[in-house]
Amino acid sequence: MNIRPRAAAIILNNKQELLLLRQQNPETGFEWWTLPGGGMEPEESVIDTIVREVAEECNTKCRPIKLIYMSEYVDYTIDTHHLGMFFLTKVEDESTIKAGYDPEVEVQYIKECRFVSKEEIQASKIPIFPPVFKEQFWEDLKNDFKDYEVYHRGMITEK
């Protein structure tokens with residue numbers, strides 16, 4: 001089984017809206033929201049991964065500040081155990097943010113990159129991954145991440 005470490009950026013604007021990517025599978029049409037981020041390259045640090053991924057996917061420079069969540073899930077369909085690290089991250093200039101690209105795929109999944117409110121996320125029919133960002137994140141944020149759970153176990157896709 002492959003182990004795939006991933007790192008993602010939790011970026012909030014002054015309205016407490018979360019920077020998200022709306023992605024769509026070009027073959028199935030399935031859509032989802034996700035945070036900017038992706039897989040670590042060999043010998044790349046977690047911080048360098050976030051900086052690179054935010055630059056690629058959101059066209060902006062950032063600075064990761066603090067580890068907020070860790071998650072994991074196993075996907076037997078691709079024989080991979082995913083480990084995710086989610087960092088509270090600051091951007092240098094919000095005016096540069098726009099949908100970027102994923103260099104790992106020929107046909108792009110990224111359709112939109114923008115700040116999304118808690119209300120819009122919770123009302124949306126489009127799922128958000130990981131699901132902690134639909135409800136629990138907003139409670140944790142309101143409580144300034146005091147006494148919150150860092151670890152979130154995700155789904156296990158059966159063999």
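**Exercise 1. The Arg52 salt bridge within α1**

Which side chain does Arg52 meet in a salt bridge with an N to O distance of 3.5 Å? Identify the partner in this predicted model, and then place the pair in its helix.

*Solution.* The partner is Glu56, whose side chain meets that of Arg52 in a salt bridge at 3.5 Å, N to O. The next step is to find the spacing: because Arg52 and Glu56 are four residues apart in helix α1, about one helical turn separates them. This agrees with a general rule: an α-helix has 3.6 residues a turn, so residues three or four places apart point the same way. The last step concerns burial, and here Arg52 is buried, as is Glu56.

**Exercise 2. A second partner for Arg52**

Determine which residue outside helix α1 forms a salt bridge with Arg52, and state how exposed that residue is.

*Solution.* Glu41 forms a salt bridge with Arg52, and the closest N and O atoms are 3.9 Å apart. This pair links distant parts of the chain, since Glu41 lies in the loop between β4 and α1 whereas Arg52 belongs to helix α1, eleven residues apart. Glu41 has a relative accessible area of 37% and is therefore partly exposed, while Arg52 is buried.

**Exercise 3. The setting of helix α1**

Describe the length of α1, its buried residues, the strands they pack against, and the residue that follows the helix.

*Solution.* Helix α1 covers residues 46-58, which makes 13 residues, and its reach of 18 Å from first to last C-alpha is close to the 18 Å expected at 1.5 Å a residue. Its buried residues are Val46, Thr49, Ile50, Arg52, Glu53, Val54, Glu56, Glu57 and Cys58. These buried residues pack against several strands, namely β1 (2-10), β2 (18-24), β4 (37-39), β5 (62-75), β6 (80-91) and β7 (110-116). After the helix comes Asn59, with a positive phi near 60°.

**Exercise 4. Pairing of the strands**

Work out the order of the four-stranded open sheet, and then the sense in which β6 pairs with β1 and with β5.

*Solution.* The open sheet has the order β7-β2-β3-β8, and its pairing is mixed. Its edge strands are β7 and β8 (128-129), each of which pairs on one side only. At the β8 side, strand β3 (residues 31-34) pairs with β8 in the parallel sense over two bridges, and Thr34 stands opposite Phe129 in β8.

Turning to β6, one finds that β1 pairs with β6 in the parallel sense over nine bridges, with Arg6 opposite Gly84. β5 and β6, by contrast, run antiparallel and are joined by twelve bridges, and Leu67 has Phe87 in β6 as its bridge partner. The hairpin of β5 and β6 has four residues between the strands, and Asp79 there takes a positive phi near 55°.

**Exercise 5. Two buried polar residues**

Which residues do Asn25 and Ser71 touch, beyond those up to four places away in sequence?

*Solution.* Asn25 lies in the loop between β2 and β3, and its relative accessible area is 18%, so Asn25 counts as buried. The residues that Asn25 touches, with the stated neighbours set aside, are Phe30, Trp32 and Tyr109. Ser71 is found in strand β5 and, with a relative accessible area of 15%, is likewise buried. Its contacts, again without those neighbours, are His82, Leu83, Gly84, Phe86 and His152.

**Exercise 6. The nonpolar cores**

Establish how many residues the largest nonpolar core has, and which elements supply them.

*Solution.* The largest nonpolar core has 21 residues, and those with the most contacts inside it are Ile10, Leu18, Leu20, Tyr69, Phe133 and Phe137. At least two residues come from each of β1, β2, β5 and α3 (136-142), with α3 giving the most, three residues. Apart from this core lies another, of 18 residues, including Ala9, Ile11, Val46 and Cys113.

**Exercise 7. The annotated region**

State what the record gives for residues 3-139, and describe the chain over that range.

*Solution.* The unreviewed UniProt entry carries the annotation "domain: Nudix hydrolase" for residues 3-139. Over these residues the chain is 17% helix and 42% strand, and the end C-alpha atoms are 30 Å apart.

Technical notes
Residues numbered from 1 in each chain as written. Predicted model: local features only at pLDDT ≥ 70, side-chain atom pairs only at ≥ 80, totals over all residues. Heavy atoms only, no water. Expected span 1.5 Å × (residues − 1). Buried < 20%, exposed > 50% of the residue type's maximum accessible area, 1.4 Å probe, protein only. Contact = heavy atoms within 4.5 Å. Pairing = 2+ DSSP bridges. Salt bridge = Lys/Arg side-chain N within 4 Å of Asp/Glu carboxyl O. UniProt positions renumbered as here; feature names shortened; annotations may be inferred. Core = buried A, V, L, I, M, F, W, Y, C linked by side-chain atoms within 4.5 Å.
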